[in-house]
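Biologist: I'd like to learn how to read a protein model, feature by feature. Could you walk me through one?

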Amino acid sequence: MLNGMDRELVTQGAEGRLYATEWLGHSVIVKHRFSKQYRHPDLDIYITNERMKAEARALTRCRSYGIKTPAVYDVDFNKSEIVLEKFTDSVTIRNFIYETVKNKLTMDSPVMLNMAERIGKLLVKMHSNNIIHGDLTTSNMLLVPPYDLSDIILIDFGLSSVDERAEDKAVDLYVLERAILSTHPNTEHFVAHLLATYENTGGESARDVIKRLNEVRLRGRKKLCFG
Ligand SMILES: Nc1ncnc2c1ncn2[C@@H]1O[C@H](COP(=O)(O)OP(=O)(O)OP(=O)(O)O)[C@@H](O)[C@H]1O
Ligand SMILES: [Mg+2]
């Protein structure tokens, strides 16, 4: 579907739209955030700009630590758009898991447990550099060919922050745990393997985060019980 200036709509979410297009000879993704009518206009601009800054900052920081993320080509606050490197033929880990399961591989197969390990190690690297993603899900992780062996690419950093506290890192893991368990059936072992890898490869600070995660889970459960 072509839209306006040769932009192909990729996704439309609650927060904005993503387009694929060409930019100075590069294949790019343009991520446009739209304004929310229910917000006061000044607050709306503020929030939109903060999300864009957080995203551009974290994407760039991650790259400098050797974590794969799209390159940031441009940030335009007037248009509320950020221009990112496009990974051609990428699939989200969410869809990779759906396809793999459709092909009769279980979540406990070596391919999937290897994936869990690689996610765990990647998050150790991100957290050891004090980057909190803020919205870890299997939709915010991409694979490129050959899918089962490619590096994992992290995207969607609009809710990210920089923080050294175990608490924030634990909440990051909790969000991912909830997301995986609710999106993908039979993933208890997969999640446990991911978290064990995190705990066993991240040293002292990772062990602190996992301790915290237990407390975050308890709080989460109480919240569910008592509103
Ligand atoms: N750089 C990229 N290259 C290829 N595909 C991408 C890229 N960035 C995003 N996508 C695709 O677009 C989808 C949505 O992107 P993203 O997660 O950044 O937006 P979103 O979830 O709408 O954002 P937000 O949560 O900030 O509103 C991804 O799941 C992925 O399929
Ligand atoms: Mg997303």
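**Reading the model, step by step**

Modeller: Let's start with L24, which is exposed because its relative accessibility is 71%, over the 50% cut-off. Keep in mind that this is a predicted model.

Biologist: Where is L24 placed, and what is the sign of its phi?

Modeller: L24 sits in the loop between β3 and β4. Its phi is positive, about 45°, although L24 is not a glycine.

Biologist: Which residue other than glycine has a phi near 70°?

Modeller: That is K104, again with a positive value. You'll find K104 in the loop between α2 (93–102) and α3 (110–128). K104 counts as exposed because its relative accessible area is 72%.

Biologist: While we're on the backbone, which peptide bond is cis?

Modeller: Look at the bond from P145 to P146, which is cis with omega near -10°. P146 belongs to the loop between β9 (141–143) and β10 (153–154).

Biologist: Now for charges. How should I think about salt bridges?

Modeller: The general idea is that side chains of opposite charge can pair when their charged atoms come close. In this model there are 20 salt bridges. Take R7 and E81, whose side chains meet with 2.9 Å from N to O. This salt bridge links distant parts of the chain, with R7 in strand β2 and E81 in strand β6, 74 residues apart.

Biologist: Are R7 and E81 buried or exposed?

Modeller: Both are under the 20% cut-off for buried. R7 is buried because its relative accessible area is 19%, and E81 is buried too, at 9%.

Biologist: What does K36 form a salt bridge with?

Modeller: Its partner is E15, and their closest N and O atoms are 3.2 Å apart. This pair also links distant parts of the chain: K36 is in the loop between β4 and α1, while E15 is in the loop between β2 and β3, 21 residues apart. K36 is buried, with a relative accessible area of 15%, whereas E15 is partly exposed at 33%. There's a wider picture here as well, since E15, K31, R33, K36, R51, E55 and D156 are linked in a network of salt bridges.

Biologist: And what separates D208 and K211 along their helix?

Modeller: They are separated by about one helical turn, because they are three residues apart in helix α6 (residues 203–226). Their side chains meet in a salt bridge at 3.8 Å, N to O. D208 is partly exposed, at 31% relative accessibility, and K211 is exposed, at 55%.

Biologist: Which buried residue has no salt bridge?

Modeller: D172 is one to look at: the nearest side chain of opposite charge, K169, is 9.2 Å away. D172 is in helix α4 (residues 166–183). Leaving out residues up to four places away in sequence, D172 touches M126, H127, I131, I132, H133, G134, D135 and L136.

Biologist: Let's turn to empty space. How do you find it?

Modeller: Rolling a probe the size of a water molecule over the atoms shows where empty space is left. In this structure the largest pocket holds about 750 Å³ of space. Its lining has 29 residues, with T11, L18, K31, I155 and D156 nearest the centre.

Biologist: Which element gives the largest share of that pocket's lining?

Modeller: That's β4, with four residues. Elements that supply at least two residues each include β2 (7–12), β3 (16–23), α1 (41–64) and β6 (81–85). Sorted by class, the pocket lining has 10 nonpolar, nine polar and 10 charged residues.

Biologist: How many cavities of 30 Å³ or more are there?

Modeller: The count is one, and the largest cavity has a volume of about 60 Å³. Lining it are E15, R33, F34, K36, R39, I47, T48 and R51. By class, that makes two nonpolar, one polar and five charged residues. Helix α1 gives the most to this lining, with three residues.

Biologist: One last residue: is R57 buried or exposed?

Modeller: R57 is exposed, because its relative accessible area is 51%. R57 is found in helix α1. From R57 to R212 it's 155 residues in sequence and 26 Å in space, C-alpha to C-alpha.

How values were computed: Residues are numbered from 1 along each chain as its sequence is written. Chains are lettered from A and ligands numbered from 1 in the order in which they are written. This is a predicted model: local features need pLDDT of at least 70, side-chain atom pairs count only at pLDDT 80 or more; totals for chains, interfaces and linings use all residues. Side-chain values use heavy atoms; hydrogens and water are left out. Buried means under 20% relative accessible area, exposed over 50%, partly exposed in between (1.4 Å probe, protein chains only). Lys and Arg count as positive and Asp and Glu as negative; His and the chain ends are not counted. A salt bridge is a side-chain nitrogen of Lys or Arg within 4 Å of a carboxyl oxygen of Asp or Glu. Contact means heavy atoms within 4.5 Å. On a 1 Å grid over the protein atoms alone, a cavity is a set of points where a 1.4 Å probe fits but cannot get out, and a pocket is an open set with protein on both sides within 12 Å along at least five of seven lines; lining residues have an atom within 4 Å of a point. Grid points are joined across faces, edges and corners, and a volume is the space filled by probe spheres set on the points. Ala, Val, Leu, Ile, Met, Phe, Trp, Tyr, Cys and Pro count as nonpolar, Asp, Glu, Lys and Arg as charged, and the others, Gly among them, as polar.
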